[in-house]
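Trainee: I've just been handed this one and don't know my way around yet. Could you walk me through it?

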Amino acid sequence: ILHVADRGKDRIVALPDADGDGRSDDVRVVAENLESVHSLVFHEGDLFAGLPSGVVRLGDRDGDGLYEELSTLIDDYPTGGHNTRTVLFLPDGRMVVSVGSSCNVCEEEDARRAAILIYDGPDAAGERLFASGLRNAVGLALHPESGEIWATNNGRDMMGDDLPPETIEIPGDGTDHGWPRCHSGRIEDPDYGYPGACAGVTAPLLEMQAHSAPLGLAFYNGETFPPEYQGDLFIAFHGSWNRSQPTGYKVVRLPLNDQTPAGPLQDFASGWLDEETQQVSGRPVGLAVGPDGALYISDDSGGFIYRISYMGSP
């Protein structure tokens, strides 16, 4: 059953599809009163969710599909600014959480901001800094073969229509991705940069159009799309808000050869931006590959969940 963080209503809903027709039969509220809940991940039978102030673990002990047990694991994250908190579990059971910056560009007072934090396990013990200099890494996913973390990162504003690039990063233990002094591993910031500011900064895997606002990402591990899609990366572009010509508002595909980009980004799902009128009808956020092999896309503007499936050649 697909579970969705309904951030605007502080709740988590389940969308059952008992008859398997590709349409939800119901919108079932399974947890409430979770302020601005963002990311969801199942681990060892429990559901973990990111909130602006931390992480909670939800348990369904009687098997009725409702999460009546709530444990607060972390409640002291700094709030304000970028306030999504994305939770992910590594193959060895350690938990990581991305915490966005408090600002567009600034020197943070709390080192946990603009960073990815790591914990010893699902009880959130042993907090330490894993990767730094990530202004707003909203999307996290594990590469299906290497087990490495891949992340979307949103670049700063007010440097023009095309700078700095949005990026796909591969954070590692101790990596520094440069913000606020350096962007994309090569661009010194006009406000906080200095000669040599990019020395030692981890370069991104991929640069993308500035202001596209990449959020969710997902590796395709289903079995129903054509073979050439296997292992490829899908990225949700939420879309620009401060660009002279709007950009984004679509889902793109990055062809991969194992861990290496095998070609340029390709539009996969679009139409939320009317190129003629510049009107926007939707903004993609989250991505998930279902056990049915379909790609599910959340839209926090229109309030929809889209399901994209492959029906074969006509």
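What follows is a chat about sheets, a pocket and a few unusual spots in a predicted model.

Trainee: Let's start with the open sheet of five strands; what is its strand order?

Mentor: Begin at the edges, where a strand pairs on one side only: those are strand 8 (85-89) and strand 15 (175-176). The pairing across this sheet is mixed. Read from one edge to the other, the order is 8-9-10-11-15.

Trainee: Which residue of strand 11 stands opposite Ala 115?

Mentor: Strand 10 covers residues 115-119 and strand 11 covers residues 128-132. The two pair in the antiparallel sense, over four bridges. Opposite Ala 115 you'll find Ser 132.

Trainee: And in the open sheet of four strands, which are the edge strands?

Mentor: That sheet has antiparallel pairing and the order 12-13-14-18. An edge strand pairs on one side only, and here that goes for strand 12 (140-142) and strand 18 (206-208).

Trainee: By how many degrees are neighbouring strands of this sheet turned against each other on average?

Mentor: We're still with the sheet ordered 12-13-14-18. Ignoring direction, the average turn between its neighbouring strands is 20°.

Trainee: What is the bridge partner of Thr 152 in strand 14?

Mentor: Strand 13 (residues 149-153) and strand 14 (residues 166-169) run antiparallel, with three bridges joining them. Thr 152 has its bridge partner in strand 14, and that partner is Ile 168.

Trainee: Where is Pro 164, and is its peptide bond from Leu 163 cis or trans?

Mentor: Pro 164 sits in the loop between strand 13 and strand 14. For the bond from Leu 163 to Pro 164, omega is near -15°. That peptide bond is cis.

Trainee: Which residue does a cis peptide bond join to Trp 179?

Mentor: Look in the loop between strand 15 and strand 16, the place of Pro 180. Omega is about 5° for the cis bond there, and it joins Trp 179 to Pro 180.

Trainee: Now the second largest pocket: how many residues of its lining are charged?

Mentor: The pocket holds about 170 Å³ of space. Its lining includes Trp 179 and Pro 180, along with Ser 132 and Glu 107. Sorted by type, the lining has five nonpolar and two polar residues, and the charged ones number five.

Trainee: How far apart are the C-alpha atoms of Gly 185 and Gly 200?

Mentor: Gly 185 is in the loop between strand 16 (182-183) and strand 17 (187-188). Leaving out residues up to four places away in sequence, Gly 185 touches Cys 198, Val 201, Thr 202 and Pro 204. Gly 185 and Gly 200 are 15 residues apart along the chain, and their C-alpha atoms are separated by 8.4 Å.

Trainee: Does Asn 33 count as buried or exposed?

Mentor: Asn 33 lies in the loop between strand 3 (28-31) and strand 4 (40-43). Its phi is near 60°, positive in a residue other than glycine. The cut-off for exposed is over 50%. Asn 33 has 74% relative accessibility, so it counts as exposed.

Trainee: What does Asp 258 count as, with 48% relative accessibility?

Mentor: Asp 258 is in the loop between strand 22 (256-257) and strand 23 (260-261). Although not a glycine, Asp 258 has a positive phi of about 60°. Buried is under 20% and exposed is over 50%. Because its relative accessibility is 48%, Asp 258 counts as partly exposed.

Conventions
Residues are numbered from 1 along each chain as its sequence is written. This is a predicted model: local features need pLDDT of at least 70, side-chain atom pairs count only at pLDDT 80 or more; totals for chains, interfaces and linings use all residues. Side-chain values use heavy atoms; hydrogens and water are left out. Two strands pair if DSSP finds at least two bridges between them. Contact means heavy atoms within 4.5 Å. Axes are lines fitted to C-alpha atoms, for helices over the stretch in contact, and angles run from 0 to 180 degrees between N-to-C directions. On a 1 Å grid over the protein atoms alone, a cavity is a set of points where a 1.4 Å probe fits but cannot get out, and a pocket is an open set with protein on both sides within 12 Å along at least five of seven lines; lining residues have an atom within 4 Å of a point. Grid points are joined across faces, edges and corners, and a volume is the space filled by probe spheres set on the points. Ala, Val, Leu, Ile, Met, Phe, Trp, Tyr, Cys and Pro count as nonpolar, Asp, Glu, Lys and Arg as charged, and the others, Gly among them, as polar. Buried means under 20% relative accessible area, exposed over 50%, partly exposed in between (1.4 Å probe, protein chains only).
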